[in-house]
Amino acid sequence: MARRACSAALAEVDLTQAEHGILACLRDSGALIQREIAALLALDPGDLIAYLDKLEARGAISRAPDPGDRRRRVIDLTPAGRELLDHADTVLGAATQRFLGPLAPSEAGHLMSALTRLLQAHDPAHWNQA
């Protein structure tokens, strides 16, 4: 249910969850090469290309040759991408509030804390920022 709620919210800004993840990853980590993004987000490198193509066409990311290895491409968030991500985060925040609405604020906080601890325990490399 939560995944459907997030997907519906992101559809309002024409993003998939994977595309949102890419933008958030670039915001949090800075410019990365494609292989690093795929590893951080556990995405298939072949699928990543399609996501990057769409984001680049929207002006949300830039791709440039890596000065250290011209075979690699460095992916970076553009100002338009940061604006899109901010908008998407606002929409996701509202969707989260609606989803957790039946819970008291303290219950919602406890739930999110418990889920974060579970995710950190089972996949600490991807959840150390939570």
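This passage looks at a helix pair, one charged residue within it, and the strand pairing in a predicted model.

Start with the helices. Helix α2, spanning residues 17-29, packs on helix α4, residues 45-57, with the two axes 10 Å apart and an angle of about 75 degrees between them. Since angles of 65 to 115 degrees count as roughly perpendicular, α2 and α4 are therefore roughly perpendicular to each other. On the α2 side, the contact is made by Ala18, Glu19, Ile22 and Leu23, and these meet Leu48, Tyr51, Leu52, Lys54 and Leu55 of α4. Sorted by class, that contact comes out as seven nonpolar residues and two charged ones, with no polar residues.

Glu19, which sits in helix α2, deserves a closer look. Its relative accessible area is just 3%, and buried means under 20%, so Glu19 counts as buried. Leaving aside residues up to four places away in sequence, Glu19 touches Asp14, Tyr51, Lys54 and Leu55. There is also a link to the backbone: a polar atom of the Glu19 side chain lies 2.9 Å from the backbone nitrogen of Thr16.

On to the strands. Strand β3 (residues 69-77) pairs with β1 (residues 32-33) in the antiparallel sense, over two bridges; here Leu32 has Ile75 in β3 as its bridge partner. Strand β2, residues 61-66, also runs antiparallel to β3, with six bridges between the two. Within that pairing, Pro65 is found opposite Arg73 in β3. β2 and β3 make up a hairpin, and two residues lie between the strands.

Note on methods: Residues numbered from 1 in each chain as written. Predicted model: local features only at pLDDT ≥ 70, side-chain atom pairs only at ≥ 80, totals over all residues. Heavy atoms only, no water. Axes fitted to C-alpha atoms, helices over the stretch in contact; angles between N-to-C directions. Helix = DSSP H or I, 4+ residues; strand = E, 2+ residues; numbered from the N terminus. Parallel < 35°, antiparallel > 145°, perpendicular 65-115°, else oblique. Contact = heavy atoms within 4.5 Å. Nonpolar A, V, L, I, M, F, W, Y, C, P; charged D, E, K, R; others polar. Buried < 20%, exposed > 50% of the residue type's maximum accessible area, 1.4 Å probe, protein only. Polar contact = N/O pair within 3.5 Å; in protein donor to acceptor, adjacent residues only side chain to side chain. Pairing = 2+ DSSP bridges.
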